[in-house]
Amino acid sequence: MKLNPVLNKYTNAPLSLSLKRLQECSARSFELASPAPPEINHSVDFYNLEQNRIFNQEWICIGRCDEIPKAGDFLTHDIAGTSVLIVRQESNAIMGFINACAHRFTCLTSEKLGHAFAFTCPNHAWTYGINGQLNHAPFMEMKSSFNKNDNNLERLHTEVWEGFIYVTLSKNPKKGIAESLKMLSKNIVGQYDMTDYKTIIRESMNWNANWKNLIENFTESYHVPIAHPKTFANHKKRIQDYECGEDSEHYCYHFAPQESDNGPGAAHKDNKNLKGKWRRTMVDFCIFPNHLVTLMPDYLWWVSVMPKGVGEFKATWGVAVPQDILNDIAEEDHDNWVMEKIEYMNTANEEDRELVERLHQGSQSIRLPQGTYHPIEKNLWQFMKYLTKITA
Ligand code: FES
Ligand SMILES: [Fe+2]
């Protein structure tokens, strides 16, 4: 369903009104809470505030460590209009830079994923090592005051948590991401050993909705039996079995066991880490602001959501699986097996796309009832509380 961008009652809502409505909503207890006010998904001023307070400041997931295994392997990613370049070093460390030349700021590379011995700017051939140092600047010896050492790429803070690469545009991040997620690892997701999951897919898609509509969709499983008959509903998780995790400033999660101990969604027989019901339990979590993960004993699906406007976003997503699952796939079957996984995920994404776009469409109505949450939609209320705090 293609929705044309429209101006609506909320497009020009004053920022003070959007913030007041958000604060009112998240001040209520979860029992009494109502869904996010439409202003925050439609107002241009609120969108601009999000760019400054969220995407220019927070830790943003851009991919998995095993996507850049060798020195010189790199990834690029757009964060709110700023292209970032993440490069594996000889030391095995990961370094991040602004993807813009230190001469007159030409974007260095437009490749999304690649390998380089050096980065040469296409404009005047300034050349940087994979560590961001300027090594060669043609004819700049003609300028006596020029010093190569003062003209390196702009460095960014990067961090790794459970195999995911995070970067922040902030010069002085308040807190490390791994530190913020320590309890999530310890209490819930650490037992899955996500670090060792191997990437098999990386894709992206553009949808016509506010970026937060996808966060809302992903962080509740109430819709799964209805909306995913061809995919996730087949795991047969009972709505009554879902549990939502504790309140946190940095993340939210929910989880439930599936019916079967075997087959898709269950742990491999060689998996010695997961015990009891965790061998067939899925955890869905959101690392605030925009990193979504469905974690199962036999695969993980991650999404990084990036706004492209009030009513449009790009979602970059990937799938990774444990080594014991990969070991069972014969080499000659590998490509077909991956193609089947891509088709499965595309089907699941199409099941969600219309719902997410309709969330955006419906919430622009001039009049709306009060709305409410189902008990297993608590993660939406937790996300709204995060938004309230970060935009205050
Ligand atoms: S802008 Fe890159 S070398 Fe001139
Ligand atoms: Fe869904």
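Before selecting anything, a word on angles: axes here are lines fitted to C-alpha atoms, for helices over the stretch in contact, and angles run from 0 to 180 degrees between N-to-C directions. Helices (H or I, at least four residues) and strands (E, at least two) are DSSP runs, numbered from the N terminus. You're looking at a predicted model, where local features need pLDDT of at least 70 and side-chain atom pairs count only at pLDDT 80 or more, while totals for chains, interfaces and linings use all residues. Residues are numbered from 1 along each chain as its sequence is written, and chains are lettered from A and ligands numbered from 1 in the order in which they are written.

**Stop 1: two helices from opposite ends of the list**

Select 15–27 and 378–391, which are helices H1 and H10. Their axes come within 9 Å and cross at roughly 135°. H1 and H10 are therefore oblique to each other; angles under 35 degrees count as roughly parallel, over 145 as roughly antiparallel, 65 to 115 as roughly perpendicular and the rest as oblique. The H1/H10 crossing is left-handed (the near helix is turned anticlockwise from the far one by less than a right angle; clockwise would be right-handed).

Now show side chains. On H1, pick Leu-19, Leu-22, Gln-23, Cys-25 and Ser-26; on H10, pick Met-384, Lys-385, Leu-387, Thr-388 and Thr-391. Those residues make the contact, with "in contact" meaning C-beta atoms, placed from the backbone, within 7 Å. Colour by class and you get 5 nonpolar, 4 polar and 1 charged. Here Ala, Val, Leu, Ile, Met, Phe, Trp, Tyr, Cys and Pro count as nonpolar, Asp, Glu, Lys and Arg as charged, and the others, Gly among them, as polar.

**Stop 2: colour by domain**

Give 15–57 + 180–391 one colour for domain 1, and 60–168 another for domain 2; these bounds come from an automatic or database domain assignment. The C-alpha centres of the two domains lie 30 Å apart. At the junction, 21 residues of domain 1 are in contact with 15 residues of domain 2. To find the domain 1 side, look at helix H3 (44–55), S11, S16 and S17, the elements that each give two or more residues to it. That side divides into 9 nonpolar, 10 polar and 2 charged residues.

**Stop 3: the sheet in domain 2**

Next, trace the open sheet of 7 strands ordered S1-S10-S9-S4-S3-S2-S5, with antiparallel pairing (two strands pair if DSSP finds at least two bridges between them). Strand S1 (60–64) and strand S5 (113–115) are the edges, each with a single partner strand, so one side of each has no neighbour in the sheet. On average, neighbouring strands are turned by 30° against each other, direction ignored.

Zoom in on S4 (residues 94–98) and S9 (residues 155–161), an antiparallel pair with 2 bridges. Phe-97 has Arg-155 as its bridge partner in S9, and Gly-96 stands opposite Leu-156. Moving along, S9 and S10 (residues 164–168) pair antiparallel over 5 bridges, with Glu-159 opposite Tyr-166. S9 and S10 form a hairpin with 2 residues between them, and Glu-162 in the turn has a positive phi of about 50°.

Then jump to Ala-80, in the loop between S2 (73–79) and S3 (82–88). Ala-80 is not a glycine, yet has a positive phi of about 50°.

**Stop 4: the second sheet and its helix**

Another 7 strands make an open, antiparallel sheet in the order S11-S17-S16-S15-S14-S13-S12. S11 (198–207) and S12 (243–244) are the edge strands, each pairing on one side only. S11 and S17 (residues 312–321) run antiparallel and are joined by 9 bridges; Trp-207 faces Phe-313 in S17.

Add H6 (residues 211–218), which lies across S14, S15, S16 and S17 and runs at about 155° to S16. Then add H9 (residues 334–362), packed against H6 at about 125° with the axes 9 Å apart. That makes H6 oblique to H9, and their crossing is right-handed. The H6 contact residues are Asn-213, Leu-214, Glu-216 and Asn-217, and those of H9 are Asp-352, Leu-355, Val-356, Leu-359 and His-360.

**Last stop: a cis bond**

Finish at Pro-289, in the loop between S14 and S15. A cis peptide bond joins Phe-288 to Pro-289, with omega about 10°. For context, most peptide bonds are trans.

Notes
Contact = placed C-beta atoms within 7 Å.
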